[in-house]
Amino acid sequence: MHSAAKLLHQMGPRHVLVKGGDLPGSCDAVDVFFDGERIHDLSLPHVKTRNTHGTGCTLASCIAAELAKGSPMLPAVQVAKRFVENALDYSKEISIGKGPQGPFDHFLMLNRKVHNFRKKTVLDPSDLFLYAVTDSGMNRKWGRSIEDAVKAAIEGGATIIQLREKDAETRNFLEAAKSCMEVCHSWGVPLLINDRIDIALACDADGVHVGQSDMPVRTARALLGPEKIIGVSCKTPEQAQQAYMDGADYIGSGGIYPTNTKENNLTIGLEGLKAVCLSSKLPVVAIGGIGISNAHAVMELGLPNLKGVAVVSALFDQECISTEVKKLYEVLSRASSEVK
Ligand SMILES: Cc1ncc(COP(=O)(O)OP(=O)(O)O)c(N)n1
Ligand SMILES: Cc1nc(C(=O)O)sc1CCOP(=O)(O)O
């Protein structure tokens with residue numbers, strides 16, 4: 001497929017997409033996209049069905065529609081591929097006619113609206129505006145419980161919370177997570193768990209945040225189901241494209257600035273953040289070394305899918321958490337009203 005894509009490219013088109021959905025013996029439908037420089041293997045699970053009549057036309061039309069909306073080529077292809085996969089899954093039980101191939105339901109979106117079948121949007125992207133990420137070491141240093149730190153962050157205006165408790169013992173972590181869930185839900189603020197899918201399941205958290213070397217997004221989705229939020233860390237456009245393909249709900253991208261909170265963390269800077277935002281349709285939250293003094297510079301990039309900042313030490317390594325959250329909220333509000 002790679003060489004076919006390269007040979008086709010030599011004939012003149014700027015981009016080539018070779019479809020591999022019907023390759024025998026593969027559990028994934030792998031398509032190959034070539035832009036003249038890089039080959040991208042686009043892989044989604046293969047939907048087993050005889051109802052495939054019309055998939056090629058739908059794929060091409062969906063790519064054209066995304067391009068018309070202003071999307072670059074690769075994200076347009078990825079959106080179209082996801083759409084076709086959803087539509088195949090949706091149409092797999094249809095039984096019309098007796099031939100070897102059945103129809104693909106082209107009225108998927110309409111029918112979804114009629115039957116209220118649309119996948120629930122689990123994350124409101126505006127929740128990423130002021131994302132507070134806890135740290136057990138900082139709480140210990142200031143003599144606070146996780147619950148008190150979370151309560152103070154929410155009182156100050158945090159819009160989403162992540163429990164990032166790297167050295168907590170499982171039993172203690174679970175108990176704390178359960179109490180934080182009560183606090184968060186009484187305020188209507190989503191609570192995510194860093195890395196630990198087991199803790200998220202056990203306390204019925206709103207979702208998880210995973211890194212590139214943690215549980216893969218697709219496995220996390222299979223374990224958590226469609227209703228939970230999954231965030232994934234991305235430092236490169238390739239990772240951001242994959243995050244969308246894998247079904248993540250948002251991207252955490254950093255380190256924007258150097259940080260003392262995470263050891264040996266690669267700083268990607270504002271340029272790296274921009275590249276990640278531009279290469280994915282997913283909402284993005286910036287992380288790493290962000291605080292009151294530099295949050296404005298991040299948000300003034302004015303990228304439509306950059307929805308907020310995620311912060312650890314500038315909130316939790318401080319004497320009064322709620323005061324720092326309030327100050328940061330003001331900086332972010334000012335920056336976002338300026339770029340609108
Ligand atoms: C919002 C957000 N973005 C990025 C990260 C980093 O996650 P990860 O890469 O898994 O690193 P650790 O947090 O596990 O050190 C995050 N936690 N939150
Ligand atoms: C947890 C984390 N992830 C990062 C990434 O770049 O993915 S940077 C980081 C630490 C952020 O802490 P602070 O706000 O104190 O700099």
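# Two ligand sites, contact by contact

User: How far does a polar side-chain atom of K262 lie from an oxygen atom of ligand 1?

Analyst: This is a predicted model: local features need pLDDT of at least 70, side-chain atom pairs count only at pLDDT 80 or more, totals for chains, interfaces and linings use all residues, and side-chain values use heavy atoms, without hydrogens and water. Residues are numbered from 1 along each chain as its sequence is written; chains are lettered from A and ligands numbered from 1 in the order written. For K262, the polar side-chain atom and the ligand 1 oxygen are separated by 2.8 Å.

User: How much of ligand 1 does the protein bury?

Analyst: Start from ligand 1 taken alone, which exposes 420 Å² (Shrake-Rupley, 1.4 Å probe). Of that area, the protein buries 89%.

User: Which elements give two or more residues to the shell around ligand 1?

Analyst: Elements here are DSSP runs, with at least four residues for a helix (H or I) and at least two for a strand (E). Two elements qualify, spanning 207-210 and 284-287. They are β7 and β10.

User: Which residue has a polar side-chain atom 3.0 Å from a nitrogen atom of ligand 1?

Analyst: Among the 16 residues around ligand 1 (a heavy atom within 4 Å), the nearest include R164, K166 and S233. G211 uses a backbone N or O atom, 3.2 Å from a ligand 1 oxygen. The side-chain partner of the nitrogen is Q162.

User: How many charged residues does the shell around ligand 1 have?

Analyst: By class, five residues are nonpolar and six are polar. The charged ones number five.

User: Which residue has a polar side-chain atom 2.5 Å from an oxygen atom of ligand 2?

Analyst: Ligand 2 has 14 residues around it, and G255, T259, G289 and S313 are among the nearest. Backbone polar atoms take part too: that of G289 lies 2.7 Å from a ligand oxygen, and that of G254 lies 3.4 Å from one. The side-chain atom at 2.5 Å belongs to T261.

User: How much of the accessible area of ligand 2 does the protein cover?

Analyst: On its own, ligand 2 has 420 Å² of accessible area. The protein covers 94%.

User: How many polar residues are in the shell around ligand 2?

Analyst: Three residues of this shell are nonpolar and three are charged. The polar ones number eight.

User: How far apart are the end C-alpha atoms of residues 1-100?

Analyst: An unreviewed UniProt entry annotates this span as "domain: Pyridoxamine kinase/Phosphomethylpyrimidine kinase". In the model, residues 1-100 are 42% helix and 17% strand. The end C-alpha atoms are separated by 26 Å.

Methods:
A polar contact is a pair of N or O atoms within 3.5 Å; within protein, one must be able to donate a hydrogen and the other to accept it, and residues adjacent in sequence count only if both atoms are side-chain atoms. Ala, Val, Leu, Ile, Met, Phe, Trp, Tyr, Cys and Pro count as nonpolar, Asp, Glu, Lys and Arg as charged, and the others, Gly among them, as polar. UniProt positions are given in the numbering used here, feature names are shortened, and annotations may be inferred rather than shown by experiment.
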